[in-house]
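Student: I'm new to this structure and would like a close look at one part of it. Could you take me through how the two helices that cross each other sit together, and then show me what lies around them?

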Amino acid sequence: MKAHMIQGTKITLTPALPSDRQTVYEWCFHSETTKCHAGPPDYPEAPIASAEEFFRENGGYEDYFFTGERPRDGRGFLIMHGGKAVGFVSYASFHLKPGVTECDIWMNSEAHCGKGFGTDALVALTEYLNREQGVHTLIMRPCARNARAVRAYNKAGFVPSAKPIDAYMLTEYLSLFGDGDYGPGGDALLVKPMITYRDTHAFTPQALQDLFLSVEWSSGHYPEKLAAAMQNFGTVYSAWETDAAGNECLVGLISAMDDGVMTAYVHYLLVHPAYQRRGIGKRLVELIREHYREYLRIVVVAYNAEVDFYASCGFKKADGASAMFITSLWT
Ligand SMILES: CC(C)(COP(=O)(O)OP(=O)(O)OC[C@H]1O[C@@H](n2cnc3c(N)ncnc32)[C@H](O)[C@@H]1OP(=O)(O)O)[C@@H](O)C(=O)NCCC(=O)NCCS
């Protein structure tokens, strides 16, 4: 897979090239921002690395970060704003369990810090990795004392990990990288769980019950019927979160039936309350719209409170039509 430009809100990420190697090293260890993460007086435990150490094999910024030869192991990007490079962001996965990736980032001057570029770069990169590589968990390990970095990473969706590093790292790398750059306990282990989207029809009754009852839908009291219904719907897309132990939790779902050529009916769309307002519902609707793009009509019966949400997804309220039911369900 070839890395291409990644568009953020304020910045653009462009894949770093071999000609950027030395510059990127200098931004990291010989620039105005270096004192914020390495070297005395504030970070004596994280000495200024030499270029050889920075580019070393097995754990350093090897060539593939600048050539894209091993996209599953890692890649570097220049952070661009107004046509100028303002910093560098990278991910590395070679040392981590499947689906887990570690990010690192630094700006090249103080003038480029505190403008939201770092947060924006991390949001854009993490969404790209989730979408293109199926990454479900991202970690970062800044020094716990680097308050600005921790703040920016929090804003980008990273939160303190409830699990230690061995939940994410391959055992054979623990002795090398387990302590991070700041010695035992010196870093803040932050994690950003991402949502994975699937088109499966196979659900356990329990997962469906938990999700449906979380939004107080009475159909959640019929979990066996729901599991059979999901097998029978023409189209089902679901959203999953993976925890540090690799267990997946169902957090959202959309299902539809169709006549095969012209009309599709969206029947269920629900997102667990703890995961609402994160774009999951919108993404599920996008998946359905894409699936039925050749159809002439997609119908949804919306609760009045959800009309604005569906309008923002491209639906129009019907004039002169009302939804009518014969039902024994109560919500
Ligand atoms: C860490 C870094 C990449 C973050 O990128 P950035 O573009 O500066 O981050 P943002 O502007 O998106 O966010 C920074 C936040 O920290 C806040 N902040 C600034 N100084 C702070 C401080 N001393 N304590 C706490 N928060 C601070 C800012 O106000 C902002 O939050 P706000 O938007 O809520 O006001 C960048 O600051 C940097 O390169 N620092 C030097 C190198 C470094 O430390 N790299 C990290 C190595 S792990």
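Tutor: Let's start with a bit of vocabulary: an angle of 65 to 115 degrees between axes counts as roughly perpendicular. Keep in mind, too, that this is a predicted model. Now look at helix H7, residues 205-214, and helix H8, residues 223-232: their axes cross at roughly 105° and come within 8 Å. That angle falls in the range just given, so H7 and H8 are roughly perpendicular to each other.

Which residues make the contact? On the H7 side you'll find Pro205, Gln206, Leu208, Gln209 and Phe212, while H8 brings Pro223, Glu224, Leu226 and Ala227. Sorted by character, the contact of H7 with H8 has six nonpolar residues, two polar ones and one charged.

Now for the strands. Strand S10 covers residues 235-242 and runs antiparallel to strand S11, residues 248-258, with eight bridges joining the two. If you want a spot to click on, try Thr235, which stands opposite Ala256 in S11. Both strands belong to an open sheet of five, ordered S9-S10-S11-S12-S13, and the pairing in this sheet is mixed. At its edges are S9 (195-198) and S13 (297-300); each has a single partner strand, so one side of each is left without a neighbour in the sheet. On average, neighbouring strands here are turned by 25° against each other, direction ignored.

Next, the ligand. Its shell is made of 22 residues, and the closest are Met107, Gly118, Thr119, Ala147 and Ala152. Strand S5 (100-107), helix H4 (117-133) and helix H5 (147-155) each supply at least two residues of that shell. H5 gives the largest share, with six residues. By character, the shell around the ligand splits into ten nonpolar, eight polar and four charged residues.

Finally, zoom out to the whole protein. You can count ten helices and 13 strands, and the C-alpha trace spans about 75 × 40 × 35 Å along its principal axes. There are 331 residues, of which 33% count as buried. Among contacts with a separation of 6 or more, 61% come from residues 24 or more positions apart.

Conventions
Residues numbered from 1 in each chain as written. Predicted model: local features only at pLDDT ≥ 70, side-chain atom pairs only at ≥ 80, totals over all residues. Pairing = 2+ DSSP bridges. Helix = DSSP H or I, 4+ residues; strand = E, 2+ residues; numbered from the N terminus. Axes fitted to C-alpha atoms, helices over the stretch in contact; angles between N-to-C directions. Parallel < 35°, antiparallel > 145°, perpendicular 65-115°, else oblique. Contact = placed C-beta atoms within 7 Å. Nonpolar A, V, L, I, M, F, W, Y, C, P; charged D, E, K, R; others polar. Near = placed C-beta within 6 Å. Buried ≥ 20, exposed ≤ 12 C-beta atoms within 10 Å, placed from the backbone.
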